[in-house]
Amino acid sequence: MIIVCPNCSTRLQIDDEKAPSRPFTLRCPKCSNNISSGAASPASEQSALAIGDSPSTAGHRFDPARSAPTFELEPKAVDDSDSGRSDDAVKTLLNLLRAASGVSVDQGVLSPWNRRKVLVCASEQYREGIARRLAEKNYQVFVADETRQAIETMRSNQLQIVLLEGQFDSAEQGAAFVVREINVLRAAPRRRLFFVLLSSSLRTMDAHAAFLNNVNAVVNLADLEQLPEILEVGLREFNDLYKDFNVALNLAPL
């Protein structure tokens, strides 16, 4: 049997053979709310991605899904010495605009108008640190707090990178839903997505482990300080792999 917490909508699966025959009460592991086994009807059961309750019991008929918010760095104070740097930046931009369209740009440098979009799906202890490191390298970072945010962001934004830690929204099995969302992609959009598994047990950039886990790269959580540099190496190899394919389809590298 499945019992749904009325407070946070967490689904709890109870073994029918071990469950008491009479109504009983248990505590929700996510919000500590007391749940009565006889309080909800079968019509109100929902999956981890369902939005709202059953129409027979809910007050609201529509609960719009929310995309993960963009992580923003705190603005830094600007002193007079920065003015010269700004002038240099403007001159560099003008030179680039005057250059021919075939000018090659180092793919390790992200321009402000062409930032890579990355979704961070990690537990609370890691997500802010990951987001900050990537934002400082000019990535456009989306940080998902829970499963619905992650799925909605993947569906509504053209992401280049998804970072997933196994303990992301563990109460709702968030990692499993993110993996499923990626696995059902067709070949063309899947080739345009760099999927990274963050693990406490696997070795960073272990190609065999990445293959077994159906991801493009693996990063050990102990190596998060070097995450931007690791991503650059992984993306460079990924782009080299699909270089001829992208040229044939007139697609830019990730």
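Tutor: Two strands pair if DSSP finds at least two bridges between them. Helices and strands are themselves DSSP runs, H or I over at least four residues for a helix and E over at least two for a strand, numbered from the N terminus. Residues are numbered from 1 along each chain as its sequence is written. You're looking at a predicted model, where local features need pLDDT of at least 70, side-chain atom pairs count only at pLDDT 80 or more, and totals for chains, interfaces and linings use all residues, while side-chain values use heavy atoms, with hydrogens and water left out.

Student: Okay, what makes β7 and β8 a pair?

Tutor: Count the bridges: β7 (residues 161-165) and β8 have 5, in the parallel sense. The rule asks for at least two, so they pair. Within β8, E165 has L198 as its bridge partner, and F195 sits opposite V162.

Student: And how do you know that β8 pairs with β9?

Tutor: Try the rule again: 4 bridges link β8 to β9 (residues 217-220), so these parallel strands pair too. S199 has N220 in β9 as its bridge partner.

Student: Which strands are at the edges of the sheet?

Tutor: The open sheet has 5 strands in the order β6-β5-β7-β8-β9, with parallel pairing. β6 (140-144) and β9 are the edge strands, since each pairs on one side only. Neighbouring strands are turned by 20° against each other on average, direction ignored; axes here are lines fitted to C-alpha atoms, for helices over the stretch in contact, and angles run from 0 to 180 degrees between N-to-C directions.

Student: What packs on this sheet?

Tutor: Helix α7 (residues 227-241) does, touching β7, β8 and β9, and its direction makes about 140° with that of β8. Contact means heavy atoms within 4.5 Å.

Student: Why is β8 called mostly covered?

Tutor: Because 6 of the 6 residues in β8 (residues 194-199) are buried. Buried means under 20% relative accessible area, exposed over 50%, partly exposed in between (1.4 Å probe, protein chains only). F194, V196 and L198 point one way, F195, L197 and S199 the other, and all are buried.

Student: Why is C5 called buried?

Tutor: C5 has a relative accessible area of 0%, and that is under 20%, so C5 counts as buried. C121 is also at 0%, so the verdict is buried there as well.

Student: And N33, why is that one called partly exposed?

Tutor: N33 has 25%, which falls between 20% and 50%, so "partly exposed" fits. N33 lies in the loop between β3 (25-27) and β4 (34-36). Leaving aside neighbours within four places in sequence, N33 is in contact with residues including C5, P6 and C28.

Student: How many disulfides are there?

Tutor: A disulfide is a pair of cysteine sulfur atoms within 2.5 Å, and by this rule the count is 0. Take C5: the nearest cysteine sulfur, that of C31, is 3.6 Å away. That's beyond the 2.5 Å cut-off, so C5 is in no disulfide.

Student: What does the whole chain come to?

Tutor: The chain has 8 helices and 9 strands. Buried residues make up 37% of its 254 residues.
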